[in-house]
Amino acid sequence: MGSEYMFKVIQTKELNKCFRVLYKYGKKGKDAITKVRAALAEAGTEGTITSLKRTNHGESRLDNVEKYDLGDGYRLVVQLVDGKDNVRAFLFTGDHEDCEQWLEAHKDYTWVKSKKDQTLDFVQVSEKEPRSLRVVNPDIDSAEELRALPLLRHLKPEHWRSLGINDTLKEYVLSIIPENWECDPNGILGYIEEIDSVERAIFFGDLFSHSHKGELSELKRRITLELGEAIVTSGADLAQSIYEPQNSEIFVTWEEVSTLPEDSSWADWLLFLHPEQKSLSLKEFRGTARLRGVSGSGKTCVMLHRARFLAKKYKEPILLITLTESMRKLLDSLIKELCGVESSCIHTFTINGLAQFIIKELHPKGESAYRMITDQIANNIKSDTVSFVRNHELFAQTKLGALEYIDLKRFIEDEVFYIRSRLKHSEFEMYLDTQTFKRYGRVMALTGEGRQVFFDASRYKVDSLKKLFVLDYEGVVSAAISLLTNDAQSLESFGWAAIDHDELVHSLASFSPYRCVLVDEVQDLSQLEVAMIGALPVRGGTNISKTENGLFLVGDGAQTLYNKGFALKNCGINVHNRSYVLKKNYRNSREIMLAAFALIEKYKFADVDEDNIDNPTKPDLAAKTGERPYIVKCKNEDDEIKFICSTIKSAVDDYQSIEDTDEYPEVCVIGPNSIIRRKIANQLNQSLIKTTELKQSDGIESKNSILISTIESAKGHEFRQVFIVGVIEGAMPHKYAGGEDMAREASRLYVAMTRAQERLFISYNIDKQNQPSRFLIDVQTHCDEYEWDSCRLKSIK
């Protein structure tokens with residue numbers, strides 16, 4: 001700790017959310033934030049707060065609480081954690097009414113520490129005499145469908161056994177739903193006291209209270225306290241525990257946040273990098289570095305902070321590359337959110353956008369050098385390529401004739417794509433060598449004759465594009481790297497007029513657009529795409545992959561969505577001793593991450609690249625807990641749509657009514673096909689609920705509508721609530737997916753599941769002999785199953 005701060009000062013990360021609310025109140029709210037920040041600094045340097053007036057009335061609802069008047073009706077709640085060393089925790093700030101509600105809601109709360117891992121929770125531990133009058137505020141966050149479920153449904157069988165609850169009491173407390181608790185909490189506790197004891201009534205009062213507020217981590221910690229697996233802590237022991245690394249998800253020190261802008265609005269885990277993340281964002285590398293990490297581990301955050309660090313260090317253009325346009329918009333917005341003036345040095349591209357930029361800058365005709373292919377032309381060429389293969393003179397000598405037409409068509413498309421996404425046109429002959437050019441991921445191995453067929457098919461497709469003077473997606477990338485490497489043979493294959501060799505050499509000599517490149521979602525890039533990035537020139541005549549801090553690759557093999565793949569050595573890239581992994585998940589609740597990891601743990605994925613295939617890294621789970629994911633069975637697709645739209649409408653109506661706002665709760669619907677996504681959007685629109693396709697949005701400001709998304713567009717985003725619809729066989733996994741595709745299909749559902757921070761719904765329907773996805777068997781033990789029947793959720797025992 002620096003000498004500037006002599007006394008320990010901590011703020012809960014919840015306080016940053018208070019700042020965001022205050023900022024919306026205009027000048028008075030901003031003035032309140034300024035006074036809180038001044039108090040933080042004063043407490044750190046002086047060990048006391050004298051610049052603010054204490055409120056006239058003392059505060060007894062929490063131990064050792066100091067309540068300060070910020071003026072204009074605003075208040076600040078601070079807890080003196082350790083009076084001996086003057087350690088303070090800043091808990092809450094808001095207007096007078098909000099502070100009163102917060103204090104009343106946290107009456108009898110105290111800090112409870114796990115004996116097992118020393119983690120802390122702020123838990124309700126009520127006094128030994130039941131309150132004479134208990135008032136419960138209504139639950140404003142849950143949809144009506146969820147309010148019909150028991151409050152204590154989150155308790156597991158082992159909890160009931162360990163607590164020694166008899167069947168009569170268990171049956172009664174499991175019958176209590178939110179409405180019962182809101183209407184007659186005193187009657188409920190009185191009845192528990194009558195059939196059991198005062199102590200049980202006090203205990204279950206705490207459990208009902210936590211569950212009703214959605215405080216599931218606190219609920220479970222209260223149970224461990226009852227079982228003697230946790231202790232109440234205070235004073236010096238609490239102060240020391242607060243500073244332990246395992247509690248960094250709850251607290252940050254004043255030094256970490258003192259320089260943040262008042263209107264900080266990006267997610268807490270971005271604003272507050274943990275030590276491991278921060279060190280990677282600032283680390284110096286003598287060549288290309290690779291960062292892997294489990295879902296929600298903050299890989300993208302590290303990349304953004306690193307881009308900022310490099311922009312300040314070099315004061316030259318820095319490039320961020322990602323896969324989709326929605327993710328590019330998100331990165332662009334986050335850079336503006338995070339950075340100061342250095343944001344002008346940081347640019348963003350999709351990978352195909354970079355390829356088009358390279359052609360524009362290096363080809364003499366720039367953007368007019370080619371036309372992009374249309375869907376109709378692409379389909380015609382695909383069909384012609386299939387006919388070419390079936391009529392090939394060597395076709396009969398392969399095993400391809402045993403395939404059904406639809407499987408053969410897909411096999412041909414995949415194999416031609418494989419060749420074109422890995423090799424420049426001048427390198428196609430390398431594919432013919434079965435000894436040196438290894439082909440991974442095909443159940444049907446191809447003989448020399450089979451490879452000759454697909455070599456000729458790839459040449460046929462390239463020639464077909466050349467005749468029409470068009471480029472497809474793979475063609476743009478191939479053309480870009482051919483220009484970067486001045487590959488004359490490949491350049492001739494695009495149908496362009498001859499490019500003057502000396503002129504291209506001259507253009508390349510002056511082409512060094514970026515000092516550093518950082519690549520997100522690298523696991524979904526092809527070998528040519530990675531090689532294209534690595535071949536970007538920098539000043540001094542070398543490539544970016546061989547430059548100090550030049551190339552930073554970020555991704556997770558377990559989140560692979562596309563059938564591409566690469567080997568870094570074949571791209572001329574070396575990450576030896578510069579490969580790192582982040583194992584801690586910060587995004588999702590423990591329950592969501594447990595279910596998601598159960599889905600993928602039995603499969604193998606490319607780790608650093610496809611030369612390193614292994615089972616996925618097991619995540620270190622976040623401290624926050626929540627509801628187990630919901631698996632919801634529906635009778636047909638119409639019922640499934642009704643369930644989703646009804647649940648969302650209830651959530652929106654409650655949120656807007658209680659909050660007195662036109663904004664929306666943070667919800668995303670992810671659907672595997674466009675038809676059901678469109679039906680859901682139409683149904684919501686008919687209910688006067690606005691929807692937006694995520695690909696049209698950067699995803700940050702998701703409060704103006706409900707977001708509708710594909711899995712691909714949702715990648716890289718996160719939402720409080722996620723609905724994954726249509727999880728049936730034939731859709732997930734896809735009906736044409738072979739055995740070699742199962743890992744990638746599971747990965748797709750894993751990506752969708754891990755978009756959810758707090759609440760996750762997975763639905764399927766059994767209409768027309770539909771079967772639930774085989775993947776749901778893998779997650780079943782970590783989820784709660786319900787059936788949508790008569791417009792209500794009913795538990796499936």
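Me: A salt bridge is a side-chain nitrogen of Lys or Arg within 4 Å of a carboxyl oxygen of Asp or Glu. What makes Arg222 and Glu226 a salt bridge?

Reply: Keep in mind that this model is predicted. The closest N and O atoms of Arg222 and Glu226 are 3.2 Å apart. The cut-off is 4 Å, so the pair counts as a salt bridge.

Me: Where do Arg222 and Glu226 lie?

Reply: Both sit in helix α10 (residues 216–226). They are four residues apart, which is about one turn of the helix.

Me: Why is Arg222 called buried?

Reply: Buried means under 20% relative accessible area. Arg222 has 5%, so the label fits.

Me: And why is Glu226 called partly exposed?

Reply: Its relative accessibility is 36%. Partly exposed runs between the 20% and 50% cut-offs, so that's where Glu226 lands.

Me: How many salt bridges does the structure hold?

Reply: There are 39. Here's another one: Asp778 pairs with Lys602, with their closest N and O atoms 3.3 Å apart. That value is within 4 Å, so Asp778 and Lys602 pass the test too.

Me: How do you know that the Asp778 and Lys602 pair links distant parts of the chain?

Reply: Look at the numbering: the two are 176 residues apart. Asp778 is in helix α30 (residues 775–779), while Lys602 is in the loop between α25 (590–600) and β18 (605–606).

Me: Why does Lys602 count as exposed?

Reply: The label needs over 50%, and Lys602 has 52% relative accessibility, so it counts as exposed.

Me: What makes Glu758 and Arg720 a salt bridge?

Reply: Their side chains meet at 3.0 Å, N to O. The limit is 4 Å, so this pair qualifies. Glu758 lies in strand β25 (residues 756–765) and Arg720 in strand β24 (residues 719–724), so the bridge ties together parts that are 38 residues apart in sequence.

Me: Are Glu758 and Arg720 buried, exposed or partly exposed?

Reply: Glu758 has a relative accessible area of 37%, and Arg720 has 36%. Values between 20% and 50% earn the label partly exposed, so both get it.

Me: Which residues are linked in a network of salt bridges?

Reply: Arg61, Lys67, Glu100 and Glu104.

Me: What makes the patch of Glu193, Glu194, Asp196 and Glu199 negative?

Reply: Asp and Glu count as negative, so a surface patch formed by these four gets that name. Glu194, one of them, lies in helix α8 (residues 185–195). With 65% relative accessibility against a cut-off of over 50%, Glu194 counts as exposed.

Me: How do you know that α29 is mostly covered?

Reply: Twelve of its twelve residues are buried. Among them are Met742, Tyr750 and Met753. Helix α29 (residues 742–753) reaches 17 Å from its first C-alpha to its last, close to the expected 16 Å.

Me: What span does helix α2 reach, and what is expected?

Reply: Helix α2 (residues 27–46) has 20 residues and reaches 28 Å, close to the 28 Å expected at 1.5 Å a residue. Its buried residues include Gly29, Ile33 and Leu40. After α2 comes Gly47, with a positive phi near 80°.

Me: One last thing: why is Ile533 called buried?

Reply: Its relative accessible area is 2%, and buried means under 20%, so Ile533 qualifies. You'll find Ile533 in helix α24 (residues 527–534). Ile533 and Cys571 are 38 residues apart in sequence and 9.3 Å apart in space, C-alpha to C-alpha.

Methods: Residues numbered from 1 in each chain as written. Predicted model: local features only at pLDDT ≥ 70, side-chain atom pairs only at ≥ 80, totals over all residues. Heavy atoms only, no water. Expected span 1.5 Å × (residues − 1). Buried < 20%, exposed > 50% of the residue type's maximum accessible area, 1.4 Å probe, protein only. Patch = residues over 30% accessible without salt bridge, like charges linked within 9 Å, V, L, I, M, F, W, Y side chains within 5 Å. Areas by Shrake-Rupley, 256 points an atom, 1.4 Å probe, with all protein chains shown as cover. Charge placed at Lys NZ, Arg CZ, Asp CG, Glu CD.
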